[in-house]
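Trainee: Could we go through the open and closed spaces in this model together? I would like to know what earns each one its name.

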Amino acid sequence: MKGKRIVIGVSGGIAAYKAAELVRLLVREEALVQVAMTANAARFVSPLTFGALSGNRVVSHMFDEAAGAMDHISWGQDSDLIIIAPATANVIAKIAHGIADDFLTTMTLAATARILVCPAMNTRMYENQATQENLAVLQRRGIFVMEPGAGQLACREEGPGRLPEPAEIVDEARWIVSKQDLAGLQVLVTAGATHEPMDPVRYISNRSTGKMGYAVATMARTRGASVKLVTGPTSLPVPRGVEAERVTTAVEMREAVVKHFAASDIVVMAAAVSDYRPHATKDQKIKKGPEIQTLELVKNPDILAELGTLKGKRNCVLVGFAAETEDLLANAEKKLRDKNLDMIVANDVSREDAGFAVDTNEVKILFRDGKVESPPLMKKEEVADLVLDQAKTLREGRSGHGK
Ligand code: PMT
C-alpha cells in the first residue's frame with residue numbers, strides 16, 4: 001500500500017471507532033490517508049482522532065473552513081481508492097440514488113477512484129430488501145462491496161451487520177489497488193510446520209509459524225491469482241480470498257499438494273515439512289520409563305522432490321524454500337538440483353531477524369542457470385512479492401507470451 005492515496009469515508013454508526021484502527025493499519029503500510037466524515041460520524045468519534053492517526057486534516061462538513069474549495073471534487077479524483085467504513089444503510093442508499101447532500105456523498109458522486117463499501121448496521125436493516133437492492137445497484141456500477149461479519153451487534157441482536165475487521169478491509173483494499181498481473185494463474189502455496197504424532201499428546205515439529213507461506217498466499221491473491229493454501233497447524237487467519245486446506249502431518253500435506261498440483265501454474269513450498277515421523281504412533285500416552293528413551297523414526301515423503309518428478313514438461317514453476325543454519329548457498333543449490341526445482345529461496349534460520357516466526361526475512365534466490373539474487377532484509381510480504389515476480393518471469397520466459 002506504500003504511496004497509495006486512500007480516502008476513508010466514515011459514516012455515522014457505532015462501528016465508526018473501528019475506522020480509527022483501519023486508518024492506523026493503512027498508515028502503518030505507508031499509504032497516504034485522508035478522512036472524510038459525515039456529521040453523524042463526528043458524533044461517534046472526534047475528527048481529532050482521525051486527524052492524529054492520518055496526519056492529515058479531516059473534513060466533516062461541506063463548508064468546513066479547513067476544506068479547500070474543490071476538495072469534494074479533487075479527493076475522489078486524486079485518490080487510488082475510497083473506502084467507506086462503516087457504510088450505514090443511509091449512506092448506501094444515498095450513494096445508490098446519487099444523493100449528494102454532504103461532503104462524503106458529494107465526493108463519492110464526483111469520484112473517478114475505485115470505491116469499496118463496507119456495510120455495518122443492524123441485521124434487519126442490512127437484510128431489508130431496500131438495503132439489499134441498493135447494494136446490488138452499487139455492485140452493478142463496479143463499486144466493491146464487502147460482506148459484513150456476523151455475530152452479536154452493538155444493538156444486542158445476533159446476525160450479519162458487523163463491520164468487517166480492519167485487517168480484512170486492508171486485505172481487500174490491497175487487492176483492489178494492486179496490479180492484477182497474476183490474474184488467470186493458479187498458485188499453490190504450502191505454509192507452516194507439520195506435526196508428526198508420537199502418541200495422543202506429543203508430536204515432533206519445528207518452529208515454523210506459517211508467516212512466510214501466508215505472506216506468499218496473501219500477495220499472490222492480491223495480485224489476482226487464484227490461490228490454494230495447504231497449511232500446517234497455525235494460529236494465523238486464512239488470508240481473504242484464499243482457499244485453504246488444513247493438514248497436520250507430512251503425509252496429509254503430500255496428499256493435498258499432489259491433488260492440487262495438476263491444476264497449478266506456480267507452486268511455492270514455504271512449509272517446513274518434517275523429514276521424519278515416529279515409526280509408530282502409540283494409542284496411549286507413552287509412560288515415563290528409562291533414563292534414555294529411544295524413538296524410532298521413518299522418513300517422510302519428500303513432497304517437493306515428488307512434484308519435481310511429476311512436473312514433466314508442464315509449464316509449472318516449482319519454487320522451494322531452503323531453511324539452513326550453515327553453508328546456505330551450497331545446501332540450497334543442492335536442493336534446487338536434487339528436487340528438480342526452478343528456483344529456491346534460501347534463508348538462514350539461525351538469524352533472529354530472518355527465517356522462523358519473525359515478520360522479516362533476508363533471502364537468497366537461486367536459479368537453475370546459476371544466477372543468485374540477494375535482496376536486503378525486508379518484510380515477508382515483500383519477499384513474497386519478489387518470489388512471485390521471479391516465478392512469473394520464469395513462466396513467461398518459457399511460454400513466450402506475456403502471461
Ligand atoms: O513459517 P515461518 O515462521 O514464517 O518461517 C518461515 C520458514 C523458515 C519455515 C520458511 O522461510 C522456510 O524456509 N521454509 C522451508 C523450510 C524447510 O522445510 O526447508 P528444507 O530445507 O528442510 O526443505 C526444502 C524444501 O523441501 C522446502 O520447500 C520444503 O517445503 C520441502 N520439503 C521438505 C521436506 C519434505 N519431506 N518435503 C518437502 O517438500
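Mentor: Gladly. Domain bounds here come from an automatic or database domain assignment. On that basis, the lining of the largest pocket draws at least three residues from each of domain 1 (5-177) and domain 2 (186-399). Do keep in mind that this is a predicted model, where local features need pLDDT of at least 70, side-chain atom pairs count only at pLDDT 80 or more, and totals for chains, interfaces and linings use all residues. Residues are numbered from 1 along each chain as its sequence is written, and side-chain values use heavy atoms, with hydrogens and water left out.

Trainee: What makes a space a pocket, and what makes it a cavity?

Mentor: Both are sets of points on a 1 Å grid over the protein atoms alone; a cavity is where a 1.4 Å probe fits but cannot get out, while a pocket is an open set with protein on both sides within 12 Å along at least five of seven lines. Lining residues have an atom within 4 Å of a point. Grid points are joined across faces, edges and corners, and a volume is the space filled by probe spheres set on the points. By that reckoning, the largest pocket holds about 1300 Å³. Among its 33 lining residues, Glu 29, Arg 174, Thr 218, Met 219 and Glu 381 are the closest to the centre.

Trainee: How many cavities of 30 Å³ or more are there?

Mentor: The structure has 1. The largest cavity has a volume of about 40 Å³, and its lining consists of Asp 171, Arg 174, Thr 218, Arg 221, Thr 222, Pro 239 and Arg 240.

Trainee: Which residues of the largest pocket's lining count as charged, and how many are there?

Mentor: Asp, Glu, Lys and Arg count as charged; Ala, Val, Leu, Ile, Met, Phe, Trp, Tyr, Cys and Pro as nonpolar; the others, Gly among them, as polar. The largest pocket's lining therefore splits into 18 charged, 12 nonpolar and 3 polar residues. For the second largest pocket, the split is 17 nonpolar, 10 polar and 8 charged.

Trainee: Why is the pair between the ligand and Thr 209 called a polar contact?

Mentor: A polar contact is a pair of N or O atoms within 3.5 Å. An oxygen atom of the ligand is 2.6 Å from an N or O atom in the side chain of Thr 209, so the pair qualifies. Lys 339 qualifies too, because an N or O atom in its side chain is 2.9 Å from a ligand oxygen atom.

Technical notes. A polar contact is a pair of N or O atoms within 3.5 Å; within protein, one must be able to donate a hydrogen and the other to accept it, and residues adjacent in sequence count only if both atoms are side-chain atoms.
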